[in-house]
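Subject: Structure for you to look at

Hi there,

Here is the structure I promised to pass on. Please open it first, and then read my notes below with it at your side.

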Amino acid sequence: MGTAGMMSPDKLKQLFPAEGEIPAQFGPPAPVHQRSYLVNGQLKPWDGAVEIVRSPVCVRDERGNLRQIELGSYPMGGETEAEEALAAAVEAYDAGRGLWPTMTVAERIACMQDFTSQMISRRQEVIQLIMWEIGKSQSDSEKEFDRTVDYIRATIDALKELDNSNSRFLVVEGTIGQIRRTPLGVVLCMGPYNYPLNETFATLIPALIMGNTVVFKPPRFGTLLFQPLLEAFQSAFPKGVINTVYGRGSVIVPRLLDTGKINVLTLIGSSKVADHLKKLHPKAHRLRAILGLDAKNAAIILPDADIELAVKECLLGTLSFNGQRCTALKMLIVHQSIVETFLRRFVEELRKLKVGMPWEKGVNITPLPEPGKVDYMTQLVEDAKANGASVVNDGGATACGTLFYPAVVYPVKEGMKLYREEQFGPIVPVMSFDDLETALEYVITSEHGQQVSIFSSSPDQIGQLVDPLVNQVCRVNINCQCQRGPDVFPFTGRKDSAEGTLSVTDALRSFSIRSMIATKQTEPNKQLLDAIVSEHKSNFINTRFLF
Ligand code: G3H
(Lines give C-alpha, C1' and ligand atoms only; values in the text may rest on other atoms or scores of the structure.)
Protein backbone atom coordinates (compact mmCIF):
# COMPACT_ATOMS: atom_id res chain seq x y z
CA MET A 1 0.00 0.00 0.00
CA GLY A 2 1.58 3.23 1.11
CA THR A 3 -0.66 5.34 -1.13
CA ALA A 4 -2.30 7.20 1.69
CA GLY A 5 -2.81 10.29 -0.43
CA MET A 6 -5.73 8.59 -2.06
CA MET A 7 -6.98 6.97 1.08
CA SER A 8 -10.73 6.54 1.31
CA PRO A 9 -13.11 4.15 3.06
CA ASP A 10 -13.58 2.34 -0.23
CA LYS A 11 -9.87 1.92 -0.70
CA LEU A 12 -9.64 0.43 2.79
CA LYS A 13 -12.55 -1.84 1.96
CA GLN A 14 -10.72 -3.20 -1.07
CA LEU A 15 -7.91 -4.31 1.24
CA PHE A 16 -10.21 -6.93 2.73
CA PRO A 17 -10.24 -10.11 0.66
CA ALA A 18 -13.27 -11.10 -1.37
CA GLU A 19 -14.77 -14.53 -0.69
CA GLY A 20 -12.32 -17.20 -1.85
CA GLU A 21 -9.48 -14.73 -2.25
CA ILE A 22 -7.49 -15.70 0.87
CA PRO A 23 -4.42 -17.71 -0.14
CA ALA A 24 -5.02 -21.29 0.97
CA GLN A 25 -1.78 -21.55 2.94
CA PHE A 26 -2.83 -18.71 5.27
CA GLY A 27 -6.20 -20.01 6.34
CA PRO A 28 -8.54 -19.19 7.87
CA PRO A 29 -7.88 -22.20 10.07
CA ALA A 30 -10.45 -24.97 10.22
CA PRO A 31 -13.08 -23.76 12.72
CA VAL A 32 -12.18 -24.55 16.31
CA HIS A 33 -15.33 -25.37 18.25
CA GLN A 34 -13.97 -25.92 21.68
CA ARG A 35 -16.36 -28.05 23.71
CA SER A 36 -14.25 -28.91 26.70
CA TYR A 37 -12.39 -27.16 29.47
CA LEU A 38 -9.51 -28.29 31.60
CA VAL A 39 -10.33 -28.86 35.23
CA ASN A 40 -8.74 -31.16 37.80
CA GLY A 41 -6.67 -32.91 35.13
CA GLN A 42 -9.67 -33.69 32.95
CA LEU A 43 -10.81 -32.21 29.69
CA LYS A 44 -14.43 -32.03 30.71
CA PRO A 45 -17.01 -32.00 27.94
CA TRP A 46 -19.16 -28.89 27.64
CA ASP A 47 -22.63 -28.69 26.19
CA GLY A 48 -23.70 -25.34 27.61
CA ALA A 49 -23.75 -21.90 26.05
CA VAL A 50 -20.86 -20.90 23.78
CA GLU A 51 -19.26 -17.68 22.63
CA ILE A 52 -18.75 -17.29 18.89
CA VAL A 53 -15.26 -16.09 17.95
CA ARG A 54 -15.02 -13.68 15.05
CA SER A 55 -11.80 -12.60 13.44
CA PRO A 56 -11.04 -8.92 12.94
CA VAL A 57 -10.38 -9.99 9.34
CA CYS A 58 -13.46 -9.47 7.19
CA VAL A 59 -14.41 -10.80 3.77
CA ARG A 60 -16.15 -8.73 1.12
CA ASP A 61 -19.23 -10.28 -0.39
CA GLU A 62 -20.44 -9.67 -3.99
CA ARG A 63 -22.49 -6.67 -2.83
CA GLY A 64 -19.46 -5.12 -1.18
CA ASN A 65 -20.56 -5.80 2.38
CA LEU A 66 -17.97 -6.78 4.95
CA ARG A 67 -18.40 -9.81 7.19
CA GLN A 68 -16.05 -10.81 10.02
CA ILE A 69 -14.88 -14.37 9.51
CA GLU A 70 -16.08 -16.86 12.12
CA LEU A 71 -13.25 -18.82 13.65
CA GLY A 72 -15.15 -21.06 16.02
CA SER A 73 -16.52 -20.94 19.53
CA TYR A 74 -15.65 -21.70 23.13
CA PRO A 75 -17.57 -22.53 26.33
CA MET A 76 -19.32 -19.69 28.13
CA GLY A 77 -18.92 -20.95 31.64
CA GLY A 78 -20.38 -19.20 34.67
CA GLU A 79 -19.94 -19.13 38.41
CA THR A 80 -20.37 -22.90 38.74
CA GLU A 81 -17.48 -23.66 36.42
CA ALA A 82 -15.37 -20.98 38.06
CA GLU A 83 -15.98 -22.54 41.46
CA GLU A 84 -15.14 -25.96 40.06
CA ALA A 85 -11.81 -24.70 38.68
CA LEU A 86 -11.00 -22.97 41.94
CA ALA A 87 -11.84 -26.06 43.99
CA ALA A 88 -9.48 -28.12 41.81
CA ALA A 89 -6.65 -25.62 42.23
CA VAL A 90 -7.21 -25.40 45.98
CA GLU A 91 -7.21 -29.19 46.26
CA ALA A 92 -4.07 -29.56 44.16
CA TYR A 93 -2.32 -27.02 46.37
CA ASP A 94 -3.74 -28.74 49.46
CA ALA A 95 -2.57 -26.07 51.85
CA GLY A 96 0.97 -26.47 50.54
CA ARG A 97 1.00 -30.26 50.98
CA GLY A 98 -0.01 -31.09 47.42
CA LEU A 99 2.19 -33.02 45.04
CA TRP A 100 3.06 -29.93 43.01
CA PRO A 101 4.02 -27.47 45.76
CA THR A 102 6.14 -30.10 47.53
CA MET A 103 7.83 -31.51 44.44
CA THR A 104 11.54 -30.98 43.97
CA VAL A 105 12.49 -28.10 41.72
CA ALA A 106 14.10 -30.59 39.34
CA GLU A 107 10.82 -32.47 39.00
CA ARG A 108 8.85 -29.29 38.35
CA ILE A 109 11.39 -28.28 35.73
CA ALA A 110 10.99 -31.67 34.05
CA CYS A 111 7.21 -31.12 33.82
CA MET A 112 7.77 -27.67 32.33
CA GLN A 113 10.22 -29.07 29.78
CA ASP A 114 7.70 -31.70 28.79
CA PHE A 115 5.06 -28.99 28.37
CA THR A 116 7.44 -26.87 26.28
CA SER A 117 8.20 -29.63 23.81
CA GLN A 118 4.51 -30.42 23.44
CA MET A 119 3.82 -26.71 22.96
CA ILE A 120 6.45 -26.47 20.23
CA SER A 121 4.81 -29.34 18.38
CA ARG A 122 1.63 -27.18 18.10
CA ARG A 123 3.52 -24.07 16.94
CA GLN A 124 1.81 -23.66 13.58
CA GLU A 125 -1.73 -23.97 14.94
CA VAL A 126 -1.10 -21.50 17.73
CA ILE A 127 0.54 -18.96 15.42
CA GLN A 128 -2.32 -19.20 12.95
CA LEU A 129 -4.85 -18.63 15.71
CA ILE A 130 -2.93 -15.62 17.09
CA MET A 131 -2.92 -14.12 13.61
CA TRP A 132 -6.60 -14.77 12.94
CA GLU A 133 -7.99 -14.03 16.40
CA ILE A 134 -6.31 -10.69 17.00
CA GLY A 135 -5.15 -9.64 13.53
CA LYS A 136 -1.46 -9.63 14.41
CA SER A 137 0.80 -9.96 11.36
CA GLN A 138 2.07 -13.43 10.66
CA SER A 139 5.68 -12.49 11.34
CA ASP A 140 4.77 -10.82 14.65
CA SER A 141 2.63 -13.82 15.59
CA GLU A 142 5.60 -16.08 14.91
CA LYS A 143 7.83 -13.80 16.97
CA GLU A 144 5.33 -13.88 19.81
CA PHE A 145 5.35 -17.67 19.87
CA ASP A 146 9.13 -18.02 19.65
CA ARG A 147 9.75 -15.28 22.20
CA THR A 148 7.46 -17.15 24.58
CA VAL A 149 9.36 -20.41 24.15
CA ASP A 150 12.62 -18.53 24.77
CA TYR A 151 11.03 -16.99 27.86
CA ILE A 152 10.11 -20.41 29.25
CA ARG A 153 13.63 -21.71 28.65
CA ALA A 154 15.17 -18.63 30.25
CA THR A 155 12.82 -19.05 33.21
CA ILE A 156 13.95 -22.64 33.69
CA ASP A 157 17.61 -21.54 33.62
CA ALA A 158 16.92 -18.72 36.05
CA LEU A 159 15.16 -21.07 38.44
CA LYS A 160 18.10 -23.47 38.36
CA GLU A 161 20.40 -20.62 39.21
CA LEU A 162 18.14 -19.38 41.98
CA ASP A 163 17.74 -22.83 43.45
CA ASN A 164 21.44 -23.62 43.25
CA SER A 165 22.29 -20.42 45.06
CA ASN A 166 19.95 -21.54 47.87
CA SER A 167 21.31 -25.09 48.01
CA ARG A 168 23.50 -24.44 50.99
CA PHE A 169 23.28 -23.73 54.66
CA LEU A 170 24.08 -20.40 56.22
CA VAL A 171 25.51 -20.18 59.70
CA VAL A 172 25.00 -16.83 61.40
CA GLU A 173 25.37 -16.03 65.08
CA GLY A 174 25.13 -19.66 66.11
CA THR A 175 22.06 -20.34 63.97
CA ILE A 176 22.03 -22.62 60.95
CA GLY A 177 19.54 -21.73 58.24
CA GLN A 178 18.52 -22.74 54.78
CA ILE A 179 16.43 -20.25 52.81
CA ARG A 180 14.48 -21.10 49.68
CA ARG A 181 11.67 -19.57 47.73
CA THR A 182 8.34 -21.30 48.20
CA PRO A 183 4.97 -20.98 46.44
CA LEU A 184 2.16 -18.67 47.53
CA GLY A 185 -0.91 -20.78 46.79
CA VAL A 186 -3.58 -20.41 44.15
CA VAL A 187 -2.93 -17.91 41.37
CA LEU A 188 -5.66 -16.39 39.24
CA CYS A 189 -4.01 -15.60 35.93
CA MET A 190 -5.47 -13.30 33.28
CA GLY A 191 -3.59 -12.08 30.23
CA PRO A 192 -4.28 -9.37 27.66
CA TYR A 193 -5.48 -9.70 24.07
CA ASN A 194 -2.58 -7.83 22.46
CA TYR A 195 0.03 -10.41 23.51
CA PRO A 196 -2.36 -13.19 24.36
CA LEU A 197 0.26 -15.91 24.49
CA ASN A 198 3.39 -14.09 25.53
CA GLU A 199 2.11 -11.82 28.25
CA THR A 200 -0.16 -14.49 29.66
CA PHE A 201 2.73 -16.94 29.84
CA ALA A 202 5.02 -14.27 31.28
CA THR A 203 3.00 -14.71 34.48
CA LEU A 204 1.53 -18.19 34.08
CA ILE A 205 4.87 -19.95 33.60
CA PRO A 206 6.70 -18.45 36.61
CA ALA A 207 3.56 -18.92 38.73
CA LEU A 208 3.48 -22.62 37.85
CA ILE A 209 7.16 -23.37 38.05
CA MET A 210 7.40 -21.89 41.55
CA GLY A 211 4.89 -24.49 42.74
CA ASN A 212 1.64 -22.52 42.75
CA THR A 213 -1.55 -23.92 41.29
CA VAL A 214 -3.44 -21.88 38.75
CA VAL A 215 -6.89 -20.85 37.61
CA PHE A 216 -6.35 -19.45 34.16
CA LYS A 217 -8.80 -17.27 32.28
CA PRO A 218 -7.74 -16.66 28.67
CA PRO A 219 -8.14 -13.15 27.26
CA ARG A 220 -11.48 -12.25 25.65
CA PHE A 221 -9.84 -12.02 22.21
CA GLY A 222 -7.21 -14.69 21.91
CA THR A 223 -9.00 -17.59 23.58
CA LEU A 224 -9.01 -20.27 20.92
CA LEU A 225 -5.24 -20.14 20.53
CA PHE A 226 -4.93 -21.89 23.90
CA GLN A 227 -7.09 -24.79 22.77
CA PRO A 228 -4.21 -26.64 21.06
CA LEU A 229 -2.27 -26.39 24.33
CA LEU A 230 -4.90 -27.85 26.65
CA GLU A 231 -3.75 -31.43 26.15
CA ALA A 232 -0.17 -30.39 26.83
CA PHE A 233 -1.26 -28.72 30.07
CA GLN A 234 -3.23 -31.81 30.95
CA SER A 235 -0.48 -34.31 30.34
CA ALA A 236 2.57 -32.34 31.50
CA PHE A 237 1.31 -31.23 34.93
CA PRO A 238 -0.31 -33.13 37.81
CA LYS A 239 -4.08 -32.88 38.01
CA GLY A 240 -5.52 -29.62 39.26
CA VAL A 241 -2.26 -27.69 38.84
CA ILE A 242 -3.71 -25.75 35.94
CA ASN A 243 -7.41 -25.22 35.38
CA THR A 244 -9.09 -23.10 32.73
CA VAL A 245 -12.17 -20.91 33.05
CA TYR A 246 -14.10 -19.26 30.22
CA GLY A 247 -16.94 -16.81 30.21
CA ARG A 248 -17.69 -13.23 31.18
CA GLY A 249 -14.89 -11.86 33.33
CA SER A 250 -17.38 -9.62 35.10
CA VAL A 251 -19.27 -12.69 36.34
CA ILE A 252 -16.50 -15.19 36.96
CA VAL A 253 -13.69 -13.15 38.39
CA PRO A 254 -15.56 -11.37 41.21
CA ARG A 255 -16.91 -14.77 42.31
CA LEU A 256 -13.40 -16.20 42.47
CA LEU A 257 -11.97 -13.32 44.49
CA ASP A 258 -14.93 -13.16 46.78
CA THR A 259 -14.14 -16.65 48.11
CA GLY A 260 -10.90 -15.40 49.63
CA LYS A 261 -9.19 -18.50 48.23
CA ILE A 262 -7.15 -16.73 45.58
CA ASN A 263 -3.69 -15.91 46.91
CA VAL A 264 -2.29 -14.12 43.89
CA LEU A 265 -4.07 -12.04 41.30
CA THR A 266 -2.12 -11.55 38.13
CA LEU A 267 -3.72 -9.38 35.52
CA ILE A 268 -2.50 -7.51 32.50
CA GLY A 269 -5.31 -5.05 31.97
CA SER A 270 -6.74 -1.80 33.25
CA SER A 271 -6.04 -0.21 36.63
CA LYS A 272 -9.76 0.40 37.10
CA VAL A 273 -10.55 -3.30 36.83
CA ALA A 274 -7.58 -4.21 39.03
CA ASP A 275 -8.67 -1.78 41.77
CA HIS A 276 -12.18 -3.15 41.68
CA LEU A 277 -11.04 -6.77 41.84
CA LYS A 278 -8.55 -6.29 44.64
CA LYS A 279 -11.26 -4.85 46.87
CA LEU A 280 -13.38 -7.98 46.45
CA HIS A 281 -10.98 -10.17 48.39
CA PRO A 282 -12.30 -10.47 51.96
CA LYS A 283 -8.79 -10.12 53.39
CA ALA A 284 -7.08 -7.64 51.10
CA HIS A 285 -3.67 -8.06 52.74
CA ARG A 286 -3.62 -11.75 51.84
CA LEU A 287 -3.91 -11.05 48.15
CA ARG A 288 -0.67 -10.46 46.31
CA ALA A 289 -1.16 -8.66 43.03
CA ILE A 290 1.15 -8.74 40.03
CA LEU A 291 -0.33 -6.28 37.61
CA GLY A 292 0.58 -4.79 34.23
CA LEU A 293 -1.79 -1.87 33.79
CA ASP A 294 -2.43 1.34 31.85
CA ALA A 295 0.31 3.37 30.23
CA LYS A 296 0.61 6.53 28.17
CA ASN A 297 4.31 6.57 27.39
CA ALA A 298 5.60 9.83 25.97
CA ALA A 299 8.53 10.57 23.69
CA ILE A 300 10.30 13.87 24.32
CA ILE A 301 12.15 15.07 21.24
CA LEU A 302 14.69 17.82 21.85
CA PRO A 303 15.95 20.37 19.26
CA ASP A 304 19.32 18.63 18.92
CA ALA A 305 17.81 15.19 18.29
CA ASP A 306 18.75 13.17 15.24
CA ILE A 307 15.41 13.69 13.53
CA GLU A 308 15.67 10.72 11.18
CA LEU A 309 16.37 8.40 14.09
CA ALA A 310 13.58 9.94 16.17
CA VAL A 311 11.11 9.55 13.30
CA LYS A 312 12.07 5.93 12.76
CA GLU A 313 11.83 5.01 16.43
CA CYS A 314 8.64 6.99 17.04
CA LEU A 315 6.97 5.35 14.06
CA LEU A 316 7.79 1.93 15.47
CA GLY A 317 6.89 3.05 18.95
CA THR A 318 3.50 4.49 18.04
CA LEU A 319 2.29 2.11 15.38
CA SER A 320 3.77 -1.38 15.81
CA PHE A 321 0.82 -3.74 16.01
CA ASN A 322 -1.42 -0.73 15.35
CA GLY A 323 -0.33 0.94 18.58
CA GLN A 324 -1.88 -1.89 20.61
CA ARG A 325 1.05 -2.34 22.98
CA CYS A 326 1.08 -1.28 26.59
CA THR A 327 4.58 0.05 25.91
CA ALA A 328 3.55 1.96 22.77
CA LEU A 329 4.42 5.64 22.52
CA LYS A 330 1.08 7.32 23.04
CA MET A 331 2.14 10.98 23.05
CA LEU A 332 4.94 12.67 21.10
CA ILE A 333 6.24 15.88 22.68
CA VAL A 334 8.37 17.69 20.14
CA HIS A 335 10.36 20.90 20.55
CA GLN A 336 8.68 23.85 18.83
CA SER A 337 11.77 24.58 16.70
CA ILE A 338 11.69 21.19 14.98
CA VAL A 339 8.06 20.18 15.17
CA GLU A 340 7.33 21.10 11.54
CA THR A 341 10.29 19.16 10.17
CA PHE A 342 9.54 16.25 12.47
CA LEU A 343 5.90 16.07 11.43
CA ARG A 344 6.76 16.33 7.72
CA ARG A 345 9.24 13.47 7.94
CA PHE A 346 7.01 11.42 10.24
CA VAL A 347 4.08 11.68 7.86
CA GLU A 348 6.31 10.84 4.86
CA GLU A 349 7.49 7.69 6.57
CA LEU A 350 4.01 6.80 7.79
CA ARG A 351 2.79 6.86 4.17
CA LYS A 352 5.18 4.01 3.43
CA LEU A 353 3.52 1.73 5.97
CA LYS A 354 1.66 -1.11 4.42
CA VAL A 355 -1.97 -1.50 5.39
CA GLY A 356 -3.51 -4.88 4.80
CA MET A 357 -4.28 -8.33 6.06
CA PRO A 358 -2.12 -10.05 8.68
CA TRP A 359 -0.73 -12.69 6.34
CA GLU A 360 0.61 -10.14 3.82
CA LYS A 361 4.35 -9.83 3.73
CA GLY A 362 5.64 -6.61 5.29
CA VAL A 363 2.20 -5.50 6.50
CA ASN A 364 2.20 -2.89 9.30
CA ILE A 365 -1.39 -1.82 9.86
CA THR A 366 -3.99 -4.56 10.25
CA PRO A 367 -7.64 -4.90 11.36
CA LEU A 368 -8.47 -4.19 15.01
CA PRO A 369 -9.97 -7.01 17.10
CA GLU A 370 -12.01 -5.10 19.69
CA PRO A 371 -15.63 -4.43 18.72
CA GLY A 372 -16.27 -0.70 18.72
CA LYS A 373 -12.56 0.15 18.60
CA VAL A 374 -12.70 1.87 15.22
CA ASP A 375 -15.58 4.05 16.44
CA TYR A 376 -13.62 4.89 19.58
CA MET A 377 -10.62 5.91 17.47
CA THR A 378 -12.90 8.13 15.38
CA GLN A 379 -14.40 9.73 18.48
CA LEU A 380 -10.96 10.55 19.88
CA VAL A 381 -9.95 12.23 16.64
CA GLU A 382 -13.26 14.12 16.37
CA ASP A 383 -12.91 15.34 19.95
CA ALA A 384 -9.39 16.61 19.23
CA LYS A 385 -10.58 18.32 16.04
CA ALA A 386 -13.48 19.95 17.85
CA ASN A 387 -10.94 21.36 20.30
CA GLY A 388 -8.60 22.82 17.74
CA ALA A 389 -6.31 20.03 16.53
CA SER A 390 -6.02 18.66 12.98
CA VAL A 391 -5.19 15.38 11.37
CA VAL A 392 -1.95 16.25 9.62
CA ASN A 393 -1.49 13.18 7.44
CA ASP A 394 -3.49 12.66 4.26
CA GLY A 395 -6.24 10.15 4.79
CA GLY A 396 -5.51 9.88 8.52
CA ALA A 397 -8.48 8.52 10.53
CA THR A 398 -10.16 7.02 7.45
CA ALA A 399 -12.07 3.98 8.61
CA CYS A 400 -13.79 1.00 7.09
CA GLY A 401 -14.95 -2.12 8.91
CA THR A 402 -12.22 -3.09 11.34
CA LEU A 403 -9.49 -1.07 9.61
CA PHE A 404 -8.52 2.40 10.82
CA TYR A 405 -5.88 4.31 8.88
CA PRO A 406 -3.43 5.89 11.39
CA ALA A 407 -4.07 9.52 12.25
CA VAL A 408 -1.35 11.95 13.29
CA VAL A 409 -3.11 14.57 15.38
CA TYR A 410 -1.55 17.97 16.12
CA PRO A 411 -1.48 20.08 18.25
CA VAL A 412 -2.89 18.01 21.08
CA LYS A 413 -3.63 20.02 24.22
CA GLU A 414 -4.95 19.64 27.71
CA GLY A 415 -8.72 19.26 27.59
CA MET A 416 -8.70 16.93 24.61
CA LYS A 417 -9.34 13.26 25.35
CA LEU A 418 -6.18 12.32 23.47
CA TYR A 419 -4.09 14.35 25.90
CA ARG A 420 -4.51 11.82 28.70
CA GLU A 421 -6.57 8.87 27.50
CA GLU A 422 -4.67 5.74 26.56
CA GLN A 423 -5.77 5.35 22.94
CA PHE A 424 -4.28 1.85 22.55
CA GLY A 425 -4.67 2.08 18.81
CA PRO A 426 -3.40 3.73 15.61
CA ILE A 427 -3.54 7.40 16.61
CA VAL A 428 -0.39 9.47 17.06
CA PRO A 429 -1.03 12.53 19.26
CA VAL A 430 1.67 15.20 18.95
CA MET A 431 2.19 18.31 21.08
CA SER A 432 5.00 20.83 21.04
CA PHE A 433 6.96 22.53 23.81
CA ASP A 434 9.26 25.53 24.21
CA ASP A 435 10.41 25.04 27.72
CA LEU A 436 11.64 21.59 28.82
CA GLU A 437 9.64 22.06 31.99
CA THR A 438 6.42 21.68 29.93
CA ALA A 439 7.53 18.27 28.70
CA LEU A 440 8.59 17.19 32.18
CA GLU A 441 5.32 18.45 33.63
CA TYR A 442 3.39 16.24 31.22
CA VAL A 443 5.12 13.17 32.63
CA ILE A 444 4.98 14.31 36.24
CA THR A 445 1.26 15.12 36.18
CA SER A 446 0.36 11.92 34.34
CA GLU A 447 -1.53 9.15 36.13
CA HIS A 448 0.79 6.71 34.40
CA GLY A 449 4.40 5.89 35.07
CA GLN A 450 5.63 3.08 32.87
CA GLN A 451 8.33 4.38 30.49
CA VAL A 452 9.43 7.41 28.52
CA SER A 453 11.66 7.93 25.45
CA ILE A 454 13.98 10.90 25.11
CA PHE A 455 15.68 11.97 21.90
CA SER A 456 18.76 14.20 22.02
CA SER A 457 22.43 14.09 21.14
CA SER A 458 23.52 16.22 24.08
CA PRO A 459 25.02 14.49 27.13
CA ASP A 460 24.02 17.57 29.14
CA GLN A 461 20.38 17.49 28.14
CA ILE A 462 20.07 13.74 28.50
CA GLY A 463 21.71 13.81 31.90
CA GLN A 464 19.39 16.59 33.05
CA LEU A 465 16.32 14.76 31.86
CA VAL A 466 17.21 11.27 33.03
CA ASP A 467 17.66 12.22 36.67
CA PRO A 468 14.10 13.43 37.30
CA LEU A 469 12.51 11.01 34.84
CA VAL A 470 13.84 7.79 36.41
CA ASN A 471 11.90 8.80 39.50
CA GLN A 472 8.71 9.21 37.50
CA VAL A 473 8.77 6.10 35.32
CA CYS A 474 10.60 2.78 35.43
CA ARG A 475 12.54 2.92 32.17
CA VAL A 476 13.94 5.89 30.31
CA ASN A 477 14.77 4.96 26.72
CA ILE A 478 17.48 7.11 25.20
CA ASN A 479 17.12 7.65 21.46
CA CYS A 480 14.88 4.64 21.08
CA GLN A 481 11.25 3.65 21.43
CA CYS A 482 9.75 2.24 24.62
CA GLN A 483 9.58 -1.52 24.90
CA ARG A 484 9.45 -4.37 27.33
CA GLY A 485 12.35 -6.48 26.06
CA PRO A 486 14.91 -7.88 26.52
CA ASP A 487 12.83 -10.02 28.84
CA VAL A 488 15.60 -10.27 31.42
CA PHE A 489 15.24 -6.53 32.12
CA PRO A 490 12.81 -5.50 34.87
CA PHE A 491 9.41 -4.59 33.46
CA THR A 492 7.28 -2.54 35.81
CA GLY A 493 5.74 0.88 36.32
CA ARG A 494 4.74 3.51 38.86
CA LYS A 495 1.36 5.09 39.65
CA ASP A 496 -1.46 3.45 37.62
CA SER A 497 0.90 1.48 35.38
CA ALA A 498 1.87 -1.61 37.35
CA GLU A 499 2.21 -3.44 40.59
CA GLY A 500 5.09 -5.87 41.04
CA THR A 501 7.91 -6.46 38.62
CA LEU A 502 8.17 -8.89 35.76
CA SER A 503 11.29 -10.15 34.07
CA VAL A 504 12.68 -13.63 33.79
CA THR A 505 14.13 -13.48 37.31
CA ASP A 506 11.80 -10.96 38.96
CA ALA A 507 8.76 -13.01 38.04
CA LEU A 508 10.15 -16.00 39.93
CA ARG A 509 10.38 -13.81 43.00
CA SER A 510 6.96 -12.23 42.41
CA PHE A 511 5.24 -15.62 42.50
CA SER A 512 7.01 -16.93 45.57
CA ILE A 513 8.03 -16.03 49.08
CA ARG A 514 11.15 -16.91 51.02
CA SER A 515 10.72 -19.52 53.67
CA MET A 516 13.45 -21.09 55.73
CA ILE A 517 14.41 -23.64 58.29
CA ALA A 518 16.53 -22.56 61.23
CA THR A 519 18.16 -24.39 64.11
CA LYS A 520 20.79 -23.81 66.77
CA GLN A 521 24.30 -24.74 65.75
CA THR A 522 24.66 -27.71 68.08
CA GLU A 523 26.27 -31.08 67.38
CA PRO A 524 22.96 -33.04 67.47
CA ASN A 525 21.34 -30.51 65.11
CA LYS A 526 24.27 -30.70 62.69
CA GLN A 527 24.00 -34.49 62.64
CA LEU A 528 20.25 -34.25 62.13
CA LEU A 529 20.59 -31.95 59.15
CA ASP A 530 23.37 -34.07 57.76
CA ALA A 531 21.15 -37.16 57.89
CA ILE A 532 18.21 -35.35 56.28
CA VAL A 533 20.43 -34.22 53.41
CA SER A 534 22.39 -37.42 52.85
CA GLU A 535 19.33 -39.66 53.11
CA HIS A 536 17.19 -37.29 50.96
CA LYS A 537 14.52 -36.97 53.63
CA SER A 538 13.24 -33.58 52.50
CA ASN A 539 12.66 -31.82 49.21
CA PHE A 540 13.23 -28.47 50.91
CA ILE A 541 16.32 -29.26 52.97
CA ASN A 542 18.84 -30.36 50.39
CA THR A 543 22.15 -29.32 48.89
CA ARG A 544 21.58 -30.72 45.39
CA PHE A 545 22.94 -28.85 42.43
CA LEU A 546 20.82 -28.56 39.30
CA PHE A 547 22.78 -28.68 36.08
O1 G3H B 1 1.66 -4.73 25.75
C2 G3H B 1 2.69 -4.68 26.41
C3 G3H B 1 3.83 -5.57 26.09
O4 G3H B 1 4.43 -6.10 27.23
C5 G3H B 1 4.83 -4.84 25.28
O6 G3H B 1 5.86 -5.64 24.94
O7 G3H B 1 7.37 -3.80 24.31
O8 G3H B 1 7.88 -6.14 23.70
O9 G3H B 1 6.02 -4.93 22.59
P10 G3H B 1 6.85 -5.08 23.81
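Let me begin with a lysine: K136 lies over the face of Y195, at 3.9 Å from the ring centre. The charged end of K136 also sits over the ring of F321, 4.8 Å from the centre of that ring. Please keep in mind that this is a predicted model.

Next, the aromatic rings. The count comes to 16 aromatic pairs. One of them joins F115 and F237 in a tilted arrangement, with 5.8 Å centre to centre and 40° between the planes. F115 lies in helix α4 (residues 105-121) and F237 in the loop between α8 (230-236) and β10 (242-244), so this pair ties together parts that are 122 residues apart in sequence. Both F115 and F237 are buried.

Another pair is made by F216 and F226, which meet edge-to-face at 4.9 Å centre to centre, with 80° between the planes. Here F216 belongs to strand β9 (residues 213-217) and F226 to the loop between β9 and α8, so the parts tied together are 10 residues apart in sequence. F216 is buried, with a relative accessible area of 0%, and F226 is buried too, at 1%. These four phenylalanines are members of one aromatic cluster, made up of W100, F115, F201, F216, F226, F233 and F237.

Now for the pockets. Where does the largest pocket lie? Domain 1 (17-36 + 48-292) and domain 2 (297-490) both give residues to its lining, so the largest pocket lies between them. It holds about 1,300 Å³ of space. Of the 43 residues that line the largest pocket, I268, G269, S270, V273 and E370 are the closest to its centre. The elements that give two or more residues to this lining are α9 (249-258), β11 (264-268) and α10 (271-280), and α10 provides the largest share, with 5 residues. By class, the lining of the largest pocket has 20 nonpolar, 12 polar and 11 charged residues.

The second largest pocket has a volume of about 840 Å³. Its lining consists of 35 residues, and D140, K143, L316, S320 and F321 lie nearest its centre. You have met F321 already, as one of the rings under the charged end of K136. The elements giving two or more residues to the lining of the second largest pocket are α6 (138-165) and α11 (307-319), with the largest share, 7 residues, coming from α6. This lining draws at least three residues from each of domain 1 and domain 2. It divides into 11 nonpolar, 12 polar and 12 charged residues.

Finally, there are 3 cavities of 30 Å³ or more in the structure. The largest cavity has a volume of about 100 Å³. It is lined by 17 residues, and those nearest its centre are L291, G292, F491, S497 and A498. Two elements to look for around the largest cavity are β12 (288-292) and β24 (498-499), which each give two or more residues to the lining; the largest share, 3 residues, comes from β12. About 80 Å³ of space lies in the second largest cavity, whose lining includes K296, N297, Y442 and H448. That lining has 5 nonpolar, 6 polar and 1 charged residues.

Happy browsing, and best wishes!

Key:
Residues numbered from 1 in each chain as written. Predicted model: local features only at pLDDT ≥ 70, side-chain atom pairs only at ≥ 80, totals over all residues. Heavy atoms only, no water. 1 Å grid on protein atoms, 1.4 Å probe; cavity = no way out; pocket = protein on both sides within 12 Å on 5 of 7 lines; lining within 4 Å. Points joined across faces, edges and corners; volume = space filled by probe spheres on them. Helix = DSSP H or I, 4+ residues; strand = E, 2+ residues; numbered from the N terminus. Nonpolar A, V, L, I, M, F, W, Y, C, P; charged D, E, K, R; others polar. Domains from an automatic or database assignment. Phe/Tyr/Trp six-rings, centres within 6.5 Å; stacked < 30°, edge-to-face > 60°. Buried < 20%, exposed > 50% of the residue type's maximum accessible area, 1.4 Å probe, protein only. Lys NZ or Arg CZ within 6 Å of the ring centre and 35° of its normal.
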